[in-house]
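User: Please go through this model by way of questions and answers, with the terms defined as they arise.

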Amino acid sequence: MVDISEFFGKKRGARLEPSSRNKKRSTTTSKVSSKKHKSTPSNEKKNTLEAIDILNDPDEEQNSDNSLIMIKESSKIDKPTKNASSHSLLREKKESSDKGKARKVLSPPPKIKDSKLINDKKSISTPSKNNYTSVNELLMDIPSVDLDNVNVKDVHKYDFLNQEHEKETSMQQPPNFPEGAPECLLGLTIVFTGILPNLSRPEAENIAKKYGAKVTKAISRKTSVVVLGNEAGPTKVQKIKDLKIKVIDEDGFKQLVSGMPKGGGDSIEATKAREKKKKMEEEVKKESEKLDREERENFKRANSKLNSLNSGGGSNPINNNNNSKILDPNEQLWTVKYAPKRLGEICGNKSSVQKLKTWLEQWPTNAKNGFKYNGLSFRAAMLSGPPGIGKTTAAHLVAKELGYDILEKNASDVRSKSLLNETVKNTLDNTSVVGFFKPADSKNLENQNKFVIIMDEVDGMSGGDRGGVGQLAAFCRKTATPMILICNERRLPKMRPFDKVCLEVQFRRPDATSIKSRLLTIAFREKFEIDAHIIDNLVQATRGDIRQIINLLSNISSTTKKIGAENINEIAKSWEKDVALKPFDITQQLFSGSIYTPLGSSRFPLWKKMELYFDDIDFTPLMIQENYLNTRPTNLKNGMTHLQAVAEAANDVSLGDLVDKKIHSSAQLWSLLPFHSIISTILPASLVSGQMAGRINFSAWLGQNSKTGKYYRMLQELYYHTRLSTSTDKDGFRLDYIPTLKNSLLNPLLTEGSTAIPDIIHVMDGYYLSKDDWDSIMEFMVGPDVTEPLLKKIPAAVKSSFTRKYNATTHPVSIYTPGTTSFGSAKKDKPDLDEVVDADDNVPPPEDDQNKSTEDDEIDFKKDKLIKQAKPRSRKVSAIAKSSAGTKKRKVVKK
Amino acid sequence: MSNAADSKSKLDNLELPWVEKYRPKKLDDIVGNEDIVERLKVIAATGNMPHMIISGLSGIGKTTSVHCLAHELLFDNNNSNLTLEQKKKLYSEAVLELNASDDRGIDVVRNQIKNFAQKRVQLPRGRHKIIILDEADSMTSGAQQALRRTMEIYSDTTRFAFACNQSNKIIEPLQSRCAILKFNKLTDEQVLKRLLEIVKLEGNIDYTNDGLEALIFTADGDMRQAINNLQSTVAGFRLVNGDNVFKIVDSPHPLIITKIILSDSLDEALDQLKKLWNDGYSPTDIITTFFRVVKNLNQLKEPTRLEMMKFIGFTHLRILEGVTTYLQLAGLVCNLHKLK
């Protein structure tokens with residue numbers, strides 16, 4: 001057996017003295033981390049206080065003139081040379097170095113982990129610190145970039161792949177960047193454009209955000225500063241010129257960060273931003289006070305209720321654990337404690353929630369109209385979206401707010417077809433009695449005896465829930481109670497039955513801004529600090545999962561009382577969700593050229609690539625096979641052409657298939673799996689890796705494979721039917737008979753029209769072919785013989801008269817008895833029959849009934865079908881008995 | 001009574017696997033992953049354990065820390081006066097533990113686990129029932145789906161702890177409900193420290209430094225394997241030195257394989273291989289070690305390594321098909337040499 005973990009993670013270098021080396025490493029890291037923790041625990045608080053102080057100070061509000069526009073006119077005049085006036089010397093040096101670097105921008109910024117070096121740099125680059133009180137003064141000192149000499153990029157070569165790659169590194173902070181005063185960029189709106197020489201875009205944006213600036217992508221009138229790098233888009237440059245915005249380069253940005261005073265100086269923007277921040281803090285405080293109050297009241301009420309119930313029970317030290325009503329909120333999970341209690345408290349997805357609410361509000365009216373008129377008139381609603389963003393909560397709250405009683409079924413209940421019929425079906429037309437027990441003064445009296453059925457985790461129906469999905473879809477069509485269905489993946493094939501029977505309500509991952517205040521409230525109440533700027537990072541790490549973030553905070557806060565820019569990277573990394581990647585992402589990563597270069601392979605070592613394969617061992621090789629032709633290779637070996645690389649990759653893919661056969665065949669050599677990962681996936685991918693030339697396609701092999709199977713079955717059937725008058729094997733039948741049969745069965749129809757029909761029927765009878773067989777023979781033709789255009793040429797009248805005439809007469813049918821030749825076929829067909837049954841399961845019963853009735857009407861069809869499908873003997877016997885009992889069929893039994 | 005004592009002494013004579021004998025009983029005893037264990041201690045002290053997923057490689061204390069946590073949650077200072085019998089009863093009532101050896105299909109989740117979650121148990125204030133699902137990555141996704149709402153609805157009384165090797169085998173909705181604790185591989189010092197402790201506690205074990213080094217090397221951060229190997233070396237040879245350890249572990253030494261691959265002279269490489277062969281290592285072991293060594297052999301460039309692995313893989317295939325001759329391995333070594 002293969003222990004997968006054995007193949008990952010184990011890095012056995014050749015080490016002679018492992019212990020000593022490790023010791024060194026661990027001590028250095030611990031030192032660094034301890035330093036990080038200690039450095040700024042109390043700074044933050046002080047800063048905010050100071051910021052408020054500054055606000056109150058009237059003296060400093062004077063120079064709030066914000067004329068940030070300072071593009072030098074002179075630079076436009078002397079265009080060809082680089083000497084753009086005054087600060088030429090410094091800039092020229094810079095620009096030439098920029099040009100040199102532009103060639104190798106792809107390489108990431110140098111990572112220097114030595115803290116000493118950072119300090120050195122800092123001291124060098126911040127000699128002029130704390131001379132400035134406002135952005136304007138500082139910006140005045142920072143040289144503008146000459147826009148005419150900017151290296152404008154070729155628009156056509158937009159490198160998506162590279163951008164994708166940049167995202168991966170976004171969590172790292174560049175180590176050699178000067179540290180600025182906290183919040184120093186507050187109130188500024190910064191746009192980064194082009195490629196900065198030393199910082200990657202996300203890094204630069206991270207820095208700006210860390211210091212409180214607002215980072216936008218598009219340049220507008222509100223933009224205060226543009227940080228320009230190489231290869232900026234020409235339209236952007238033009239826009240900058242038009243709007244006359246201050247432009248700086250990376251060094252200027254560094255200067256800006258290191259030079260600005262705490263709290264962002266005293267320009268209007270900074271003040272406004274501070275005010276906003278203060279307001280937000282106040283709101284948070286208010287909110288949390290409100291929550292506090294509510295909680296206390298709830299607790300009191302519950303307690304008094306309990307006291308009245310068991311008056312004089314005596315205080316019991318052991319809590320009645322299951323009585324959740326009197327549970328101390330401190331014992332609850334945070335996710336429960338801070339779950340939204342009103343619709344308005346749900347973070348994000350406001351429109352979706354509103355849509356759901358409107359739907360439920362209008363439900364009774366629509367019910368009266370029989371769900372005919374407007375777009376919201378569905379009997380059921382389907383909420384879909386990723387986990388942890390409040391779907392279930394929203395469903396519950398909407399129902400509660402409109403006074404509905406809730407009946408919930410989730411994946412922990414068995415939901416098979418029969419059980420749904422037993423339990424849910426009865427309730428569909430029922431009313432709730434909960435309303436009768438409510439106090440008379442409660443609102444929403446009109447809904448008091450109605451309830452809503454919430455079906456949670458519909459896509460979790462599996463295994464034991466046979467036929468449940470189909471049944472549920474059937475309920476959706478006729479229910480007399482509102483139904484809310486919830487699922488994660490709406491697009492799964494098994495969710496198909498719900499198409500067009502439910503109102504679709506999509507929930508999306510909320511963005512950081514809509515979660516921010518909620519998280520700050522929680523942090524305030526739980527008495528730990530969280531930096532508002534780093535919430536973005538949390539959201540990114542958990543992929544917008546609010547519940548996860550709250551869990552994270554609850555867990556982290558037990559030991560750490562402050563979450564800020566210092567420890568966020570560590571936290572985000574350890575909390576990043578390990579979700580098995582989808583085949584598309586895996587393929588994308590495997591084909592990206594950057595991971596196969598010498599540098600890339602040290603950052604993304606071989607075992608990690610193998611891990612990608614092991615994320616989905618079935619699909620990854622198929623996806624590679626499907627897409628290996630679709631790349632523009634960047635890592636070709638010396639002297640190798642694209643075609644050679646492809647040829648070699650193809651060779652490896654086919655070798656991989658051989659290995660796969662060994663693994664999956666009866667030999668079951670599973671220990672070859674790691675090798676298979678290399679030969680089928682990594683080796684071919686490494687040969688042709690580069691940029692994807694187009695979209696990544698889903699493996700076509702599956703479809704082709706099932707098509708092959710289908711044709712084999714059809715051939716098998718034809719072969720059996722004609723067995724009495726042919727003398728060849730199956731392949732021979734396909735190769736020799738079918739082309740000829742097609743000629744004699746189709747061509748006369750085309751040339752002679754309906755007069756040829758009797759002849760054709762005669763030929764068919766001679767070979768014991770049915771009308772269905774006629775169709776399948778036509779389907780078999782490929783290449784220039786393909787019959788589809790020819791079939792279209794047959795006039796409709798001829799076609800229908802053919803069918804009519806065929807049905808009007810009797811035909812010989814060969815019947816093969818089970819136990820001889822057909823036995824093998826029945827066995828082979830078995831898995832397919834299973835599939836058929838499965839598919840039928842999903843179809844709601846009414847349709848089933850219809851099918852049956854049509855089958856009954858067409859006796860001929862049914863007979864044929866029975867013979868073909870080789871059903872169990874008992875039915876066949878009865879069928880034979882029936883057919884012999886006097887229908888119009890003539891039976892031909894094997895001689 | 002004498003009967004009981006008898007059986008007890010018998011039990012003492014029978015040697016427990018050291019892994020069990022020296023399994024940590026308290027969170028304090030757990031080696032490595034200090035940050036996480038620290039957090040667990042806080043949880044143990046304050047109660048209100050969140051749902052959690054503990055993931056990491058095997059043999060680094062995932063299951064052990066969950067057990068320790070459960071024990072410390074249930075038996076804190078308030079009720080330390082309970083008798084052993086009572087403790088056992090309380091533990092069995094408040095903790096449901098299922099691992100891969102138990103049936104954990106969707107039916108069990110829907111019946112056994114749900115019933116347990118609904119059950120009422122008298123517990124100290126601030127404590128919850130705990131459901132420990134070990135090796136949760138082997139649960140089917142259907143069973144995991146069925147846990148989702150159960151975890152939420154009964155979260156006031158019941159908390160879940162999952163232990164797994166690969167956290168990506170846990171479906172996203174469950175991850176979203178849990179605190180994720182990632183255990184890291186133990187460092188060599190941590191393993192060494194524990195090994196020395198055990199050696200001291202056992203007494204009369206002769207060991208050499210290179211023996212311990214070999215143990216640590218072969219275990220590769222897996223404490224359980226290190227302790228198991230230690231015990232079997234002691235049981236087999238009494239003396240723990242490098243040679244004995246490698247005899248017990250019985251796989252060709254990776255360093256020798258590295259030498260074969262990197263050797264400049266083919267003759268030398270073949271000599272080394274011959275020596276391995278004559279030592280009696282099985283071809284399958286040799287070839288798998290080849291594969292693993294090449295995978296992580298950073299001295300060579302990746303494209304070269306990939307080509308090498310291709311050869312190794314096909315040799316592996318042939319060996320598995322029954323062609324277990326020296327010729328195959330020698331041919332492989334020649335091919336590899338040509339590639340360099």
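Analyst: Accessible areas come from the Shrake-Rupley method with a 1.4 Å probe, and for residues only the protein chains shown count as cover. This is a predicted model, in which local features need pLDDT of at least 70, side-chain atom pairs count only at pLDDT 80 or more, and totals for chains, interfaces and linings use all residues. Residues are numbered from 1 along each chain as its sequence is written, and side-chain values use heavy atoms, with hydrogens and water left out.

User: What share of the area exposed by chain B do carbon and sulfur atoms supply?

Analyst: Chain B exposes about 15100 Å². The part supplied by carbon and sulfur atoms is 50%.

User: Is K425(A) buried, partly exposed or exposed?

Analyst: Buried means under 20% relative accessible area, exposed over 50%, and partly exposed in between (1.4 Å probe, protein chains only). The relative accessibility of K425(A) is 36%, so this residue counts as partly exposed.

User: Which residues does K425(A) touch, not counting those up to four places away in sequence?

Analyst: Contact means heavy atoms within 4.5 Å. With residues up to four places away in sequence not counted, K425(A) touches L420(A), F475(A) and K478(A).

User: How are helix 10 of chain B and helix 11 of chain B oriented to each other?

Analyst: Their axes, lines fitted to C-alpha atoms over the stretch in contact with angles from 0 to 180 degrees between N-to-C directions, come within 8 Å and cross at roughly 135 degrees. Angles under 35 degrees count as roughly parallel, over 145 as roughly antiparallel, 65 to 115 as roughly perpendicular and the rest as oblique. Helix 10 of chain B and helix 11 of chain B, as DSSP runs (H or I, at least four residues) numbered from the N terminus, are therefore oblique.

Technical notes: Chains lettered and ligands numbered in written order. Helix = DSSP H or I, 4+ residues; strand = E, 2+ residues; numbered from the N terminus.
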